[in-house]
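Biologist: I'm still new to reading protein structures, and I'd love a close look at one part. Could you take me slowly through a pocket, and then show me what else there is to see?

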Amino acid sequence: MRAAVLHETGQEKLDVLDDVEAVGFGPGKARIRVRATGLCHSDISAMNGVLPQPAPFVPGHEGAGEILEVADGVTHVKPGDRVLVCWLPACGQCPACRRGQTQLCLAGFMNAGTPNFRRSGDNSDVFGFAGTGTFAEEIVVDASCAVPIPDDVPFDIAALIGCGVTTGLGAAINTADVAAGSAVAVIGCGGVGISAIQGARLKGAAEIVAVDPVASRREAALRFGATQAVAPDELSDVGQRLTEGEGFDYVFEVVGKSATTRKAYEATRRGGTLCVVGAGAMDDQVQFNMFELFFDEKRILPSLYGGGDVLRSYERAIALWRAGRVDLESMITHRVRLTEINEALEQMRSGVALRTCIEI
């Protein structure tokens with residue numbers, strides 16, 4: 001089968017090969033025919049080494065498709081079922097799951113160290129990013145990664161819900177719990193940032209300022225609910241004008257860098273909330289002094305995968321989409337085939353795409 005492979009961390013392009021096979025099928029596993037997958041910035045972060053991932057590997061973790069086969073012990077899905085891929089499934093048994101913080105379950109992360117694929121030519125192992133690797137025609141995953149979706153949800157929409165939409169909506173709804181009438185700023189307006197904007201709008205924010213260096217993304221943000229859209233060097237001025245210098249009630253950092261996190265903190269009012277959504281590098285340190293932490297009483301809330309139970313978050317996203325309360329179709333600005341995956345990477349790096357859908 002075909003799959004897009006990164007041979008070494010740091011390479012900028014993927015190699016689409018036709019000698020890759022999905023491996024590991026056995027008890028508790030499911031084989032999925034991938035139909036659509038989104039390109040998330042986390043895939044690029046894994047490619048360049050910002051996020052740890054053994055290589056060679058198949059990127060992709062935001063996917064949807066059909067069940068081809070299930071092994072012993074799998075009862076919640078069957079061949080032919082439509083599913084989205086959950087890259088962070090909950091085991092239901094660990095302390096985090098028992099506390100109801102299923103997004104903090106580490107069971108899914110353990111899968112990242114086990115090869116998902118093999119090259120048939122030389123029998124060499126290939127990993128799947130985040131234990132999945134959806135830039136492939138087929139994947140074998142723990143059955144808990146296969147979440148059934150209703151028949152009326154297209155594969156491309158389901159793929160978005162599998163990561164970016166759940167992450168952004170959840171940051172606003174679950175983690176920050178944006179208050180009605182509040183002033184919000186979102187720094188970074190790709191697919192996750194646009195979803196955070198839609199989440200803040202759903203929660204009733206009065207002002208939503210989108211911040212991004214790319215003009216086309218700022219224009220898009222206005223269509224998704226932002227009340228203003230500015231370049232990063234304009235954030236301070238618009239904050240002064242909208243909040244009388246006090247700062248925003250909520251600021252979402254959706255870039256994953258210490259520099260933008262520090263700017264987000266400074267843009268947050270005293271007693272306000274900084275929500276860190278972007279996935280950054282382990283060696284990128286952000287600094288706060290002890291006095292400001294004490295005196296300003298700003299809440300710093302990291303948000304992993306939407307900060308809540310992902311299965312419930314999927315259901316909520318589907319319900320909101322059906323009701324026309326969130327616009328997911330328009331988030332897909334580009335479409336490519338798997339053989340054109342490197343075009344999608346350039347669209348992401350240049351900022352012209354909110355989300356590129358890879359049709360497989």
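Modeller: Happy to! Let's begin with the residues that line the second largest pocket: Val23, Gly24, Lys29, Asn111, Thr114, Pro115, Asn116, Gly131, Val140, Val141, Asp142 and Cys145. Please keep in mind that this is a predicted model. The space inside this pocket comes to about 150 Å³. Sorted by class, its lining holds five nonpolar, five polar and two charged residues. Which strand gives the most to this lining? That is β10, made of residues 138–142, with three residues.

Now for a sheet. Four strands form an open sheet in the order β3-β8-β9-β5, and their pairing is mixed. At the edges are β3 (20–22) and β5 (57–58), each of which pairs on one side only. In general, strands of a sheet pair through backbone hydrogen bonds, in either a parallel or an antiparallel way. Here, β8 (residues 117–119) and β9 (residues 125–128) are antiparallel partners, joined over two bridges. To find this pairing on your screen, look for arginine 118, which stands opposite aspartate 125 in β9.

Next come two helices. Helix α1 covers residues 41–47, and histidine 41 is found in it. Is histidine 41 buried, partly exposed or exposed? Its relative accessibility is 43%, so histidine 41 counts as partly exposed. If you would like a distance to try for yourself, the C-alpha atoms of histidine 41 and proline 148 are separated by 25 Å, and these two residues are 107 apart along the chain.

Helix α5 (residues 164–175) is largely enclosed by the rest of the structure, because eleven of its twelve residues are buried. Among those buried residues are Val165, Leu169, Ala172 and Ile173. After α5 comes aspartate 177, which has a positive phi, near 50°.

Finally, let's turn to the nonpolar cores. The largest has 101 residues, and those that touch the most other members are Phe135, Ile161, Val184, Ile197 and Phe252. Valine 184 makes a good example: leaving aside residues up to four places away in sequence, valine 184 touches Val178, Ala200, Ala205, Glu207, Ile208, Val209, Phe248, Tyr250 and Phe252. There is also a second, separate core of 15 residues, and Ala185, Val211, Val230 and Val251 are included in it.

Notes
Residues numbered from 1 in each chain as written. Predicted model: local features only at pLDDT ≥ 70, side-chain atom pairs only at ≥ 80, totals over all residues. Heavy atoms only, no water. Pairing = 2+ DSSP bridges. 1 Å grid on protein atoms, 1.4 Å probe; cavity = no way out; pocket = protein on both sides within 12 Å on 5 of 7 lines; lining within 4 Å. Points joined across faces, edges and corners; volume = space filled by probe spheres on them. Nonpolar A, V, L, I, M, F, W, Y, C, P; charged D, E, K, R; others polar. Buried < 20%, exposed > 50% of the residue type's maximum accessible area, 1.4 Å probe, protein only. Core = buried A, V, L, I, M, F, W, Y, C linked by side-chain atoms within 4.5 Å. Contact = heavy atoms within 4.5 Å.
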